[in-house]
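Hi there,

Here is the structure I promised to pass on to you. Have a look at it first, and then read on for what turned up.

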Amino acid sequence: MKKENENLDQLFKKFENQWDVEEVNPDHQLDFLNKLNNKKKPKKNYYAVWGIAASIVLLLGISVFYNNSQKPKEFKFASNETKRTDSIFNILIDNELVKLKEKSSPENEQIINDALKQMKVFDADYQKIIHELQKNGENKQIIYAMISNLQTRISFLQTVLQRIEENENLKNTTHEKTL
């Protein structure tokens with residue numbers, strides 16, 4: 001232990017005049033606190049926040065526009081039965097359209113495109129019927145025309161799906177040999 005103390009004493013003697021012994025200014029603590037309090041806050045970058053907000057607004061705008069363009073048929077003057085009938089038929093039509101789009105392939109592309117064009121014609125006719133319904137109110141002829149249009153669309157889509165399935169079956173069976 002004595003040897004360690006001697007080593008330490010020698011070390012201190014070696015660096016005796018090299019120590020920093022200057023005292024700190026008595027107002028040092030106040031100066032430090034003032035600098036802390038007066039520190040300017042860094043300017044925040046709000047580009048990410050504005051970008052997210054703009055994206056949300058854009059998506060909402062697109063969804064509102066898309067929903068309005070897809071379903072402009074508001075029945076202001078229709079009875080609940082008419083609204084319910086329209087809703088049921090449109091669900092069936094949407095299901096058939098989903099099935100049709102699932103069958104999409106390069107071989108079926110032309111058939112599907114033609115079917116979608118014909119559906120636009122049916123939809124334009126349907127919009128005229130809805131306009132008449134809103135203009136003149138409900139009567140048997142308008143309701144019959146509406147239901148007829150909806151039924152025609154469903155049967156048309158079912159026929160197109162049937163043709164696509166027949167084409168697929170024909171394609172699969174032509175490569176088989178029968179004995």
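A good place to start is burial: the protein chain has 179 residues, and 18% of them count as buried. Please keep in mind that this is a predicted model.

As for the overall build, the protein chain has six helices and zero strands. Reading from the N terminus, the order of elements is therefore simply α-α-α-α-α-α. The accessible surface of the chain is about 15,600 Å², and carbon and sulfur atoms account for 56% of that. If you take the contacts between residues at least 6 apart in sequence, 73% of them join residues at least 24 apart.

Now to the inside. In soluble globular proteins, nonpolar side chains tend to be buried together. In this model the largest nonpolar core has 21 residues. Those with the most contacts inside it are Ile-93, Leu-97, Leu-100, Met-119, Met-146, Leu-150 and Leu-157. Three helices each supply at least two residues of this core: H4 (80–102), H5 (109–136) and H6 (140–173). Of the helices, H6 gives the most, with nine residues. If you would like one residue to click on, try Leu-97: leaving aside residues up to four places away in sequence, Leu-97 touches Leu-116, Met-119 and Leu-157.

There is also something nonpolar to see on the outside. Leu-8, Leu-11, Phe-12 and Phe-15 make a nonpolar surface patch of about 370 Å². Phe-15 sits in the loop between helix H1 (2–14) and helix H2 (28–37). Is Phe-15 buried or exposed? Its relative accessible area is 32%, so Phe-15 falls in between and counts as partly exposed.

Next come the charged pairs. Side chains of opposite charge can pair when their charged atoms come close. The structure holds four salt bridges, and I will walk you through some of them.

One of the bridges joins Glu-96 and Lys-99, whose closest N and O atoms are 3.4 Å apart. Both residues lie in helix H4, three residues apart, which is about one turn of the helix. The two partners are covered to differing degrees: Glu-96 counts as buried, because its relative accessibility of 10% is under the 20% cut-off, while Lys-99, at 41%, counts as partly exposed.

Another bridge has a similar layout in helix H6. Arg-163 pairs with Glu-166, with 3.6 Å between the closest N and O atoms. These two are three residues apart in H6, so about one helical turn separates them. Arg-163 is partly exposed at 48% relative accessibility, and Glu-166 is partly exposed at 43%.

Which parts of the chain does the bridge between Glu-168 and Lys-103 link? Their side chains meet at 3.8 Å, N to O. This pair links distant parts of the chain, since Glu-168 is in helix H6 and Lys-103 is in the loop between H4 and H5, 65 residues apart. Glu-168 has a relative accessible area of 29% and is partly exposed; Lys-103, with 24%, is partly exposed too.

If you only have a few minutes, I would begin with the core and Leu-97, where Leu-116, Met-119 and Leu-157 are in touch, and then turn to the bridge between Glu-168 and Lys-103. After that, the patch made by Leu-8, Leu-11, Phe-12 and Phe-15 is worth a look.

Enjoy exploring, and do write back with any questions!

Best wishes

Definitions and conventions:
Residues are numbered from 1 along each chain as its sequence is written. This is a predicted model: local features need pLDDT of at least 70, side-chain atom pairs count only at pLDDT 80 or more; totals for chains, interfaces and linings use all residues. Side-chain values use heavy atoms; hydrogens and water are left out. Helices (H or I, at least four residues) and strands (E, at least two) are DSSP runs, numbered from the N terminus. Buried means under 20% relative accessible area, exposed over 50%, partly exposed in between (1.4 Å probe, protein chains only). Contact means heavy atoms within 4.5 Å. Accessible areas come from the Shrake-Rupley method with a 1.4 Å probe; for residues, only the protein chains shown count as cover. A nonpolar core is a set of buried Ala, Val, Leu, Ile, Met, Phe, Trp, Tyr and Cys residues joined through side-chain atoms within 4.5 Å. Patches are made of residues with over 30% relative accessible area and no salt bridge: like charges are joined within 9 Å, nonpolar side chains (Val, Leu, Ile, Met, Phe, Trp, Tyr) within 5 Å.
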